[in-house]
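Q: I am in my first year and would like to be walked slowly through one part of a protein model, with the whole chain as a backdrop. Please take your time and explain each step.

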Amino acid sequence: MALTQVSSSRCAGGFQKVFEHDSTELKCKMKFAVYLPPKAETDKCPVMYWLSGLTCTEQNFITKAGSQLAAAEHGIIIVAPDTSPRGCNIEGEDESWDFGTGAGFYIDATQDPWSTNYRMYSYVTEELPKLINTNFPTNPDKMSICGHSMGGHGALICALKNPGKYKAVSAFAPICNPLQCPWGQKAFSGYLGPDRSTWEEYDATVLAGSYSGPQLDILIDQGCDDQFLSASQLLPDNLIAVCSERKIPVVFRLQPGYDHSYFFIYSFINDHIKHHAKYLKA
């Protein structure tokens, strides 16, 4: 599990780094970003995983979200992987922005030709944490997960499918009910096939309906002027209704005037890191 350092920049008293490695799950070279707070020079730190949205790489979050100051303050390592395998030479992987490259949807594909490489769920939940815990000063028992849009969907399903693994979860404008929205239907039919019953294990709203693990306090921020909210791609009301029924605590904040962009994430990332710190330090 050799890592190659691609870049390293001093940031907020710590270091913002990018590494590359050969992924066993995805069978290609993958990059991920890792922010090491000042505390990591002397102590083991908890880890927050950030999952980005459609079209993103490991770069978007680290250059636009402004997370490093809060991560430094709370002594949290932040790991931001890419959003899909890269350079797999699969026919059709670069034809659209919401399927294939940059659109792995954090699921394990079962359909040819995607099933060999498109295993982002196993990469994020298994391979990447092992890699991080082996190579960086982490506290392996203290991890959490957060994401935006497609990555918000990823964060929610990772937490709901693995009770107790993640101490906290939060999301910005997540795709909450992919079975019912065009983005989800396109991705799931391509990666998982036509049998919609197989889609349910990757839908946060469905998973919340059967969740029976330790209490999970979910924080979700959603911009009121988000064009994808009005286009019925995100469907947060469906998730909130199920969580309310199942008594899963959700703080859902509608933010007037904010859209789907990183300007929105930048505006509230400190609240999310504070939310994670509360549970990672407990």
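How many helices and strands are there in the protein chain? And, as the single part for a close look, what surrounds Lys31, which residues does Lys31 touch, and where is Lys31 placed?

A: Please keep in mind from the start that this is a predicted model. The protein chain contains nine helices and nine strands. Its radius of gyration is 17 Å, close to the 19 Å that the globule rule gives for 282 residues, so the chain is as compact as a globular protein of that length. Taken along the principal axes, the box that the C-alpha atoms fill is roughly 50 × 40 × 35 Å.

Several values for the whole chain help to set the scene before we turn to the residue itself. Of the 282 residues, 57% count as buried, and the accessible surface comes to about 11200 Å², with 49% of that belonging to carbon and sulfur atoms. If one takes the contacts in the chain with a separation of 6 or more, 72% of them are between residues 24 or more positions apart. As for charge, there are 23 positive and 30 negative side chains, and the centres of these two sets lie 8 Å apart.

Now to the part you asked about. Lys31 lies in strand S3, which covers residues 28–36. Its relative accessibility is 32%, and because buried means under 20% and exposed means over 50%, Lys31 counts as partly exposed. Leaving out residues up to four places away in sequence, Lys31 touches Val6, Val18, Phe19, Glu20, Glu58, Pro81 and Asp82. One can also set Lys31 beside Thr57, since these two residues are 26 positions apart along the chain while their C-alpha atoms are separated by 8.5 Å.

Three names in that list, Val18, Phe19 and Glu20, lead us on to another residue, for Thr4 also touches Val18, Phe19 and Glu20 when residues up to four places away in sequence are not counted. Thr4 is found in strand S1, residues 4–11, and it is partly exposed, with a relative accessible area of 48%. From Thr4 to Tyr49 the distance is 20 Å, C-alpha to C-alpha, with their positions 45 residues apart in sequence.

Glu58 and Pro81, both touched by Lys31, can serve as signposts to the elements named next. Glu58 comes just before helix H1 (59–64), and the loop between strand S4 (45–51) and this helix holds Thr55. Thr55 has a phi near 75°, which is a positive value in a residue other than glycine, and with a relative accessible area of 49% this threonine is partly exposed. Most residues other than glycine have a negative phi, and most peptide bonds are trans. A second case is Ser149, whose phi is also positive, at about 60°, although it is not a glycine. Ser149 is placed in the loop between strand S6 (138–148) and helix H4 (150–161), and, in contrast to the partly exposed Thr55, Ser149 is buried, with a relative accessible area of 3%.

Pro81 belongs to strand S5 (77–81), and the loop between that strand and helix H3 (120–135) contains Pro113. A cis peptide bond joins Asp112 and Pro113, with omega about 0°.

For contrast with Lys31, consider two residues in other elements. Glu73, in helix H2 (residues 68–74), counts as exposed at 62% relative accessibility, and its C-alpha atom is 25 Å from that of Phe252, a residue 179 positions away in sequence. Val251 sits in strand S9 (residues 250–255) and is partly exposed, with a relative accessible area of 45%. Apart from neighbours within four places in sequence, Val251 is in contact with Ile218, Leu219 and Ile220, while Lys44 is 29 Å away from it, C-alpha to C-alpha, and 207 residues away in sequence.

A last point concerns the cysteines. The count of disulfides comes to zero, with a disulfide taken as a pair of cysteine sulfur atoms within 2.5 Å. Cys45 is in no disulfide, as its nearest cysteine sulfur, that of Cys11, is 15 Å away, and Cys45 is buried, with a relative accessible area of 0%. Cys158 is likewise in no disulfide, the nearest cysteine sulfur being that of Cys146 at 12 Å, and Cys158 is buried too, at 0%.

Methods:
Residues numbered from 1 in each chain as written. Predicted model: local features only at pLDDT ≥ 70, side-chain atom pairs only at ≥ 80, totals over all residues. Heavy atoms only, no water. Helix = DSSP H or I, 4+ residues; strand = E, 2+ residues; numbered from the N terminus. Rg over C-alpha atoms; globule rule 2.2 N^0.38 Å. Buried < 20%, exposed > 50% of the residue type's maximum accessible area, 1.4 Å probe, protein only. Contact = heavy atoms within 4.5 Å. Areas by Shrake-Rupley, 256 points an atom, 1.4 Å probe, with all protein chains shown as cover. Lys, Arg positive; Asp, Glu negative; His and termini not counted. Charge placed at Lys NZ, Arg CZ, Asp CG, Glu CD.
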